[in-house]
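Hi everyone, thanks for making time this morning. Could you pull up the structure on your screens so we can walk through it together?

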There are 2 protein chains.
Amino acid sequence: MSTFLAVRQVRRPQGTPSAEDFTFVTEPLPVLADGQVLVENVYLSVDPYMRQLMNTGEAGREGRAIGRVVESRSAGLPVGTTVFHRGGWTTHAAVGAADLRRVDPAGGVPLSAYLGVLGGTGLTAFVGLTRIARLRPGEDLFVSAAAGGVGSAAGQIARLMGAGRIIGSAGSAAKVAHLKEIGFDAAFNHRDGPVGEQLAQAAPRGIDVYLDNVGGDHLEAAIGALREHGRVAWCGAIAQYSSAPPAAPRNLADVMFKSLRVEGYLVREHLDAREPFERFLVPHLQNGSVRVDETVVDGFGNVVEAFLGVLRGDNTGKMLVRVS
Amino acid sequence: MSTFLAVRQVRRPQGTPSAEDFTFVTEPLPVLADGQVLVENVYLSVDPYMRQLMNTGEAGREGRAIGRVVESRSAGLPVGTTVFHRGGWTTHAAVGAADLRRVDPAGGVPLSAYLGVLGGTGLTAFVGLTRIARLRPGEDLFVSAAAGGVGSAAGQIARLMGAGRIIGSAGSAAKVAHLKEIGFDAAFNHRDGPVGEQLAQAAPRGIDVYLDNVGGDHLEAAIGALREHGRVAWCGAIAQYSSAPPAAPRNLADVMFKSLRVEGYLVREHLDAREPFERFLVPHLQNGSVRVDETVVDGFGNVVEAFLGVLRGDNTGKMLVRVS
């Protein structure tokens, strides 16, 4: 085989992206430079944050992927090595040794987990809870988009951290049921009524920490429910990636009145947390106390559809594409 | 004299408070219990935050005051001792030894400073810059309501901390001139045009820290100007004490996109910072590098007018009432 497939964004969407914003291209396989390897991808990550990239860069261009070395000009990376890289939505990628990381899955842990609950997705949840919100044992947590990759990981990790009550919101009754299955104490469908009212019902005594994937009305509801000295770890704003900014939380000044802390973060600035996080989580994946919660779409040809699906919330758990 | 005067709030205001919301009462001087002293007040503090109290409690009820002991049933507090207490807007107060603090003004420092730049007002600025925003040398700062007590202290303290560019906003041309006099590098009148545009012009390369006394459009402007990892220390929301919540900030999701931190705080939870703050600031007051910036209204009968004035922004620097 001397060609490979890649997805390219061909225009900037107005509002919700569509399949027409992308095209599939066939390109000749690159000639490896010294120190490079050719990776045949096994799994690709599709993530909500990529919607934001579509406005200024290109969705999927530097997306996370896991694959196997099929040709090598790097002594330490023989053919057959499994690697993580950020080569994006392609079937193959030429990657320098400095731009990849070997993946040696722990016994009993599926490879896909290293793009999901053990990858940047799980790390986003872990960093948000431990470094940003600094969740303490016994504290009550609210997670939005809780049935998504980050949210599902957050609920399960918070339980291991000794959180008190863990409350999630999601966008369907099936997802609400799913959240209860994976250990959330309470969950509600944000389409069933005002988020503020539903959260107040689920957490009548308030919350201490909010992991925000959504912004907008969810943030307003959380600010209302947060107790004094509460914290918001803000890692995503699904509610406004494709639309005009929502009205500001009308209760924003409660951040001042209640001594709250609202802090945004990017997981890529916390990659030093990856190793301790992996050490923390792997045994729990091995003994089944944490679930590898994922939705896997088969076939490289479905990468765009999988991405549009993650924006619609079609997935439960981490959304992945299995390349072949 | 066997009576004293006090101000009492007699109704909850809708919107901007007025003189009719208060009444002056004459009451018999209290009989001291063992351990108490009778304080004749010299200075009273009137503060914007008291507007908020009017909705649920009573403005001035626990306001900060400095006075002199005129009768004592506490061995350690002889007649003539100068004390700080929180007895509120009265000419006299019976205070227990545990509820007051001796004030021994440092040489060359006026007594009034202990209610202003050296009191809760200055401490609010100090805590916001050091503990909440953690301003580092060379970082650029924006302060709203900068000609008020907290703002004026913040600009001067930030200079001592080695801040880079210090920018202030205020509500009149005279105040803008005043800010430049006390060491702000740039200042603008927020009534001259959109705050976002004026701040962008004053800080074309952005800011690192925003000390927020205002909320609303000022917070939106600051979020727009903040660089990645910028911080907002939020201690007041003058813009909305008397009115409906503002629609701004529309760019709140930039907190997430730029990894900002927005943190509210109450100075009363940081009283342990008072002593180090006093040690830090007194020499600078003594050598004149920091100015005791205050507006003193004379006469207890003007206490309500002084309070309404601080809400209107009549003052430059800390607003105080000299009781007699």
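I'll start with the two chains together, then go into the domains, a helix, a small sheet and a couple of single residues. Please keep in mind that this is a predicted model.

So, how does chain B sit relative to chain A? A rotation of 180° with 0.0 Å of shift along its axis puts chain B on chain A, with an RMSD of 0.2 Å. That is how a two-fold axis relates two copies. If you'd like to find that axis on your screen, look for B:Val262: of the residues of chain B, its C-alpha comes closest to the rotation axis, at 2.5 Å. Both copies use the same surface, with 93% of the contact residues of chain B recurring in chain A.

Let's look at that contact in detail. Chain B puts in 27 residues and chain A puts in 25. On the chain B side, helix 8 (254–257) and strand 13 (261–264) each give at least two residues. Strand 13 of chain B makes the largest share, with four residues. By class, the side of chain B that touches chain A has 16 nonpolar, six polar and five charged residues.

Now for strand 13 itself. Which way do strand 13 of chain A and strand 13 of chain B run when they pair? They pair in the antiparallel sense, over three bridges. Within that pairing, A:Val262 has B:Val262 as its bridge partner. And B:Val262, remember, is the residue of chain B that comes closest to the rotation axis.

Next, the domains, and here I'll use chain A. Domain 1 covers 3–116 plus 292–322, and domain 2 covers 120–268. Taken over C-alpha atoms, the centres of these two domains of chain A are 28 Å apart. Where domain 1 and domain 2 of chain A meet, each gives 16 residues to the contact. On the domain 1 side, helix 1 (49–53) and strand 15 (318–322) of chain A each supply at least two residues. Helix 1 of chain A has the largest share of that side, with three residues. The domain 1 side that touches domain 2 of chain A divides into four nonpolar, eight polar and four charged residues.

Let's hop back to chain B for helix 3, residues 149–160. At 1.5 Å a residue, its 12 residues should span 16 Å, and the end C-alpha atoms are 17 Å apart, which agrees. Is helix 3 of chain B largely enclosed or largely open? Of its 12 residues, 10 are buried, so helix 3 of chain B is largely enclosed by the rest of the structure. Among the buried ones are B:Gly149, B:Val150, B:Ile157 and B:Ala158. The buried residues pack against helix 2 (120–132), strand 8 (141–143), strand 9 (166–170), helix 4 (173–181), strand 11 (207–212) and strand 15 (318–322) of chain B. Just after this helix, B:Gly162 has a positive phi of about 85°.

On to a small piece of sheet in chain A. In a regular strand, side chains alternate between the two faces of the sheet. Strand 5 of chain A, residues 82–85, shows this nicely: A:Val83 and A:His85 point to one face and are buried, while A:Thr82 and A:Phe84 point to the other and are not. Strand 5 of chain A is joined to strand 4 (residues 65–72) by four bridges, running antiparallel. There, A:Gly67 stands opposite A:Val83. Strand 5 of chain A is also joined to strand 7 (residues 100–102), again antiparallel, by three bridges. In strand 7 of chain A, A:Arg101 is the bridge partner of A:Phe84.

Finally, two charged residues in chain B. B:Glu27 is in strand 2, residues 22–28. It has 13 C-beta neighbours inside 10 Å, so B:Glu27 counts as partly exposed. B:Glu27 and B:Phe4 are 23 residues apart in sequence, yet 5.5 Å apart in space, C-alpha to C-alpha. B:Glu27 touches B:Thr3, B:Phe4 and B:Ala6, leaving aside residues up to four places away in sequence.

B:Arg73 is in the loop between strand 4 (65–72) and strand 5 (82–85) of chain B. With 16 C-beta neighbours inside 10 Å, B:Arg73 also counts as partly exposed. Leaving aside residues up to four places away in sequence, B:Arg73 touches several residues, including B:Leu32, B:Asp34 and B:Gln36.

That's my tour, and I'm happy to take questions.

Note on methods
Residues are numbered from 1 along each chain as its sequence is written. Chains are lettered from A and ligands numbered from 1 in the order in which they are written. This is a predicted model: local features need pLDDT of at least 70, side-chain atom pairs count only at pLDDT 80 or more; totals for chains, interfaces and linings use all residues. Domain bounds come from an automatic or database domain assignment. Two residues are in contact if their C-beta atoms, placed from the backbone, lie within 7 Å. Ala, Val, Leu, Ile, Met, Phe, Trp, Tyr, Cys and Pro count as nonpolar, Asp, Glu, Lys and Arg as charged, and the others, Gly among them, as polar. The expected span of a helix is 1.5 Å times one less than its number of residues. A residue is buried if 20 or more other C-beta atoms lie within 10 Å of its own, exposed if 12 or fewer, and partly exposed in between; C-beta atoms are placed from the backbone. Copies are superposed by least squares on the C-alpha atoms of residues with pLDDT of at least 70 in both. Two strands pair if DSSP finds at least two bridges between them.
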